[in-house]
Amino acid sequence: MRLWHAPADTMAPYEVAERTARLIPGAVLLDQADPDHVPSPETARAALDVLAARGR
């Protein structure tokens, strides 16, 4: 599982995302460069790319 979170997100602390990732075996936490809470277009594209790769 991959999780994306913006370190500069003011709505949800990054530490919570780190804790969540540690609770999920094999999870990978990836940083979203855009500080917004809503996924950036780049993050959405990366998530779709992961899903597409799994379908191959």
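**View 1. Asp49 and Arg45 share helix 2, 4 residues apart, which is about one turn of the helix.** Welcome to this predicted model; a pair of charged side chains makes a good starting point. The side chains of Asp49 and Arg45 meet in a salt bridge, with 3.1 Å from N to O. Asp49 counts as partly exposed because its relative accessibility is 40%. Arg45 is partly exposed too, with a relative accessible area of 48%. Helix 2 itself covers residues 41-54, and confidence in the protein chain is lowest here, at a mean pLDDT of 87.

**View 2. In helix 1, Glu15 and Arg19 form a salt bridge.** Their closest N and O atoms are 2.2 Å apart. How far apart are Glu15 and Arg19 in helix 1? They are 4 residues apart, so about one helical turn separates them. With a relative accessible area of 42%, Glu15 is partly exposed. Arg19 also counts as partly exposed, at 46% relative accessibility. How many salt bridges does a search of the whole structure find? The search finds 2, and you have now met the Glu15 and Arg19 bridge as well as the one between Asp49 and Arg45. Helix 1, residues 14-23, is where confidence in the protein chain is highest, at a mean pLDDT of 95.

**View 3. Thr20 is another residue of helix 1.** Where does the side chain of Thr20 reach? It reaches the backbone oxygen of Val16, at 2.8 Å. Thr20 is partly exposed, with a relative accessible area of 34%. For a sense of distance, look across to Glu42: Thr20 and Glu42 are 22 residues apart in sequence, and their C-alpha atoms are 22 Å apart in space.

**View 4. Strand 1 and strand 2 run side by side as a parallel pair.** Strand 1 covers residues 2-5 and strand 2 covers residues 28-31, and 4 bridges join them. Which residue of strand 2 is the bridge partner of Arg2? The partner of Arg2 is Val28. Trp4, in turn, has Leu30 as its bridge partner in strand 2.

**View 5. Strand 1 has one covered face and one uncovered face.** In a regular strand, side chains alternate between the two faces of the sheet. Which residues of strand 1 lie on the covered face, and which on the uncovered one? Leu3 and His5 belong to the covered face, while Arg2 and Trp4 belong to the uncovered face. The two residues of the uncovered face are familiar from the previous view, where Arg2 was paired with Val28 and Trp4 with Leu30.

**View 6. Gln32 sits in the loop between strand 2 and helix 2.** Is Gln32 buried or exposed? Gln32 counts as buried because its relative accessibility is 5%, and buried means under 20%. Its side chain makes two reaches to the backbone worth finding in the picture. The side chain of Gln32 reaches the backbone oxygen of Asp34 at 3.0 Å. A polar atom of the Gln32 side chain also lies 3.1 Å from the backbone nitrogen of Ser40. Leaving aside residues up to four places away in sequence, Gln32 touches His5, Ala6, Pro7, Val38, Pro39, Ser40 and Thr43. One of these neighbours, His5, is on the covered face of strand 1.

**View 7. Stepping back, the protein chain follows the pattern β-α-β-α along its sequence.** The chain has 2 helices and 2 strands. Strand 1, helix 1 and strand 2 together make a right-handed β-α-β unit. The C-alpha atoms fill a box of roughly 35 × 25 × 10 Å along the principal axes. What share of the 56 residues is buried? Buried residues make up 20% of them. Among the contacts with a separation of 6 or more, 61% are between residues 24 or more positions apart. As for confidence, the mean pLDDT of the protein chain is 88, and 98% of its residues reach 70 or more. Where pLDDT is low, the predicted coordinates should not be read in detail.

Conventions:
Residues are numbered from 1 along each chain as its sequence is written. This is a predicted model: local features need pLDDT of at least 70, side-chain atom pairs count only at pLDDT 80 or more; totals for chains, interfaces and linings use all residues. Side-chain values use heavy atoms; hydrogens and water are left out. pLDDT is the predictor's confidence in each residue, from 0 to 100. Two strands pair if DSSP finds at least two bridges between them. A crossover is right-handed if, with the strands pointing away from the viewer, the path from the first strand over the helix to the second runs clockwise. Buried means under 20% relative accessible area, exposed over 50%, partly exposed in between (1.4 Å probe, protein chains only). A polar contact is a pair of N or O atoms within 3.5 Å; within protein, one must be able to donate a hydrogen and the other to accept it, and residues adjacent in sequence count only if both atoms are side-chain atoms. Contact means heavy atoms within 4.5 Å. A salt bridge is a side-chain nitrogen of Lys or Arg within 4 Å of a carboxyl oxygen of Asp or Glu.
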